[in-house]
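I opened this model as a newcomer and kept these notes as I went. The entries follow the order in which I looked things up.

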Amino acid sequence: MLRIALFLATNLAILLVLGVVMNLVLPAMGVEPTQYQGLFIFAALFGFGGAFISLAMSKWLAKRSVGAQVINQPRNGTEQWLVNTIAAQAQKAGIPMPEVAIYDSPEPNAFATGASKKSSLVAVSTGLLRSMTQDEVEAVLAHEVSHIANGDMVTLTLIQGVVNTFVIFFARVIAGVIDNATRSNSQNGQGLGGLAYFGIVMVLELVFGILASIIVMWFSRQREFRADEGSASLVGKQKMIAALRRLQGAQESTLDGSMMAFGIQSKRSFSELFMSHPPLAKRIRALENL
């Protein structure tokens with residue numbers, strides 16, 4: 001959940017900043033909202049640019065947001081086991097050795113991030129290490145290694161780039177339609193004006209960006225199922241099922257309805273559309289049916 005939330009928040013912030021730049025660049029280059037071809041080209045450049053900037057910053061932001069400490073030299077048996085386990089899983093999955101980090105948090109959590117398979121990070125919380133058995137932690141690590149092996153962050157970036165493109169494009173098209181309607185209904189033939197047009201574009205980008213996250217979240221949920229299957233392939237599905245059940249038990253007993261390491265609440269509702277992870281019960285059933 002953490003890596004997705006950071007990626008989306010960073011992308012949305014960068015998208016809004018690039019939107020300001022785009023509002024300055026387009027008029028200077030003579031591109032009007034009604035010139036759809038030129039507008040779409042610029043939307044694609046800025047849309048994919050924002051997504052790839054977010055990807056490039058993902059590992060740096062993730063480490064600093066949780067205070068993760070990279071294990072350069074293991075200081076105890078637990079850290080040595082973590083490094084050795086991830087090294088063995090990475091070799092089996094056919095990827096370079098990721099950076100390994102631990103961060104202090106009471107919640108059982110883990111994440112993998114990075115701009116490429118050669119520049120990846122797997123981080124685990126102290127709460128995860130305390131609350132799970134070694135087999136369960138091994139399954140969680142295999143899940144994160146599978147995210148890296150599947151190239152999930154890059155694929156997510158490409159999808160986000162497509163989404164960004166259409167968000168930027170349609171925000172300006174609709175703002176242009178409003179501007180034209182205002183001009184035709186005005187006695188002096190004046191439209192919205194630069195500041196009003198800019199404000200409408202920013203609001204539309206924000207609204208469309210939030211709605212478009214439904215698409216990104218759907219893809220994210222599919223990634224989780226694939227990473228679960230990858231974990232089952234690396235360490236056996238029973239270990240992954242045990243890890244998910246451990247999280248499910250903790251969720252139901254202490255934090256019912258809140259975000260956990262691998263999913264958010266088991267109750268089905270409209271909010272599931274905005275979940276980056278499928279409900280734990282669905283993931284367990286999918287593994288059982290493998």
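Is phenylalanine 219 buried or exposed, and what is its relative accessible area? I found phenylalanine 219 to be buried, because its relative accessible area is 9%, where buried means under 20%, exposed means over 50% and partly exposed lies in between, with a 1.4 Å probe and protein chains only. Before going on I noted that this is a predicted model, in which local features need pLDDT of at least 70 and side-chain atom pairs count only at pLDDT 80 or more, while totals for chains, interfaces and linings use all residues. I also noted that residues are numbered from 1 along each chain as its sequence is written, and that side-chain values use heavy atoms, with hydrogens and water left out.

Entry on phenylalanine 219. I placed phenylalanine 219 in helix H7, helices being DSSP runs of H or I with at least four residues and strands runs of E with at least two, numbered from the N terminus. Leaving aside neighbours within four places in sequence, I found phenylalanine 219 in contact (heavy atoms within 4.5 Å) with Asp152, Thr155, Leu156, Ile159 and Arg226. For one of these partners, threonine 155, which is 64 residues apart from phenylalanine 219 along the chain, I read a C-alpha separation of 9.4 Å.

Entry on the whole chain. I listed nine helices and four strands, which follow the pattern α-α-β-α-β-β-β-α-α-α-α-α-α when read along the sequence. Of the 290 residues in the chain, 47% are buried. Among contacts with a separation of 6 or more, I noted that 69% are between residues 24 or more positions apart.

Entry on the strands. I saw that strand S1 (residues 69-70) and S2 run antiparallel and are joined by two bridges, two strands being paired if DSSP finds at least two bridges between them. Valine 70 has alanine 101 in S2 as its bridge partner. S2 and S4, by contrast, run parallel with five bridges, and one bridge there sets valine 100 against valine 122 in S4. I also noted that four of the five residues of S2 are buried.

Entry on serine 125. I located serine 125 in strand S4, and serine 125 counts as buried because its relative accessibility is 0%. Not counting residues up to four places away in sequence, serine 125 touches Tyr103, Ser105, Glu107, Pro108 and Asn109.

Entry on the core. I looked up the largest nonpolar core, in which Leu82, Val124, Met132 and Leu141 touch the most other members out of 32 residues; such a core is a set of buried Ala, Val, Leu, Ile, Met, Phe, Trp, Tyr and Cys residues joined through side-chain atoms within 4.5 Å. H5 gives the largest share of this core, with seven residues. I checked leucine 141 and, apart from neighbours within four places in sequence, found contacts with Trp81, Leu82, Thr85, Ile86, Gln89, Val122 and Val124.

Entry on glutamate 144. I read in an unreviewed UniProt entry that Glu144 is listed under "active site", bearing in mind that such annotations may be inferred rather than shown by experiment. Glutamate 144 lies in helix H5 and counts as buried, because its relative accessibility is 1%. I last noted that its side chain reaches the backbone nitrogen of alanine 112 at 3.1 Å.

Definitions and conventions
Polar contact = N/O pair within 3.5 Å; in protein donor to acceptor, adjacent residues only side chain to side chain.
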